[in-house]
Amino acid sequence: MARVVLGMLGFGTVGTGVIRLLSERYHSLVLKKVAVRDTTKERRLAAPCPVTDDPFAVVDDPEIEVV
């Protein structure tokens with residue numbers, strides 16, 4: 001499978017679960033950036049990519065193929 005670059009909006013309970021599944025099972029999916037409301041909030045899982053509070057930084061990134 002070809003490499004697919006992902007961006008994510010939200011990193012709560014669902015977002016954490018999605019990231020965990022992606023990292024464990026789908027090695028061709030690469031998470032490039034995550035947007036959250038509060039970057040200072042402690043998370044259950046460390047993000048494997050940069051985290052921002054600007055959703056447009058994810059949506060407007062030309063390298064991200066799927067949000």
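**Notebook: strands, core and Thr52**

I began with strand S2, where I found that Leu31 is the bridge partner of Leu6. I note here that the model I am reading is a predicted one.

I then looked up the strands around this pair: S1, covering residues 4–9, is joined by 6 bridges to S2, covering residues 29–35, and the two run parallel. Helix H1, residues 13–25, belongs with them, since S1, H1 and S2 make up a β-α-β unit that I recorded as right-handed.

Next I followed S2 to its pairing with strand S3, residues 51–52, where I counted 2 bridges and again a parallel arrangement. In this pairing I found Ala35 opposite Thr52 of S3.

I turned to the interior and listed the largest nonpolar core, whose 9 residues are Leu6, Met8, Phe11, Ile19, Leu22, Leu31, Val34, Val36 and Cys49. I checked where they come from, and S1, H1 and S2 each give at least two residues to this core.

Leu31 appears in that list, and I looked up what it touches: leaving out residues up to four places away in sequence, these are Leu6, Gly7, Met8, Ile19, Pro48 and Cys49.

My last entry concerns Thr52, which lies in strand S3. Is Thr52 buried or exposed? I put it down as buried, because its relative accessibility is 17% and the cut-off for buried is under 20%. When I set aside neighbours within four places in sequence, I found Thr52 in contact with Lys33, Val34, Ala35, Val36, Thr39, Ala57 and Val58, and I noted that Val34 and Val36 are also among the residues of the core.

Definitions and conventions: Residues numbered from 1 in each chain as written. Predicted model: local features only at pLDDT ≥ 70, side-chain atom pairs only at ≥ 80, totals over all residues. Heavy atoms only, no water. Pairing = 2+ DSSP bridges. Helix = DSSP H or I, 4+ residues; strand = E, 2+ residues; numbered from the N terminus. Right-handed = clockwise from strand over helix to strand, strands pointing away. Core = buried A, V, L, I, M, F, W, Y, C linked by side-chain atoms within 4.5 Å. Buried < 20%, exposed > 50% of the residue type's maximum accessible area, 1.4 Å probe, protein only. Contact = heavy atoms within 4.5 Å.
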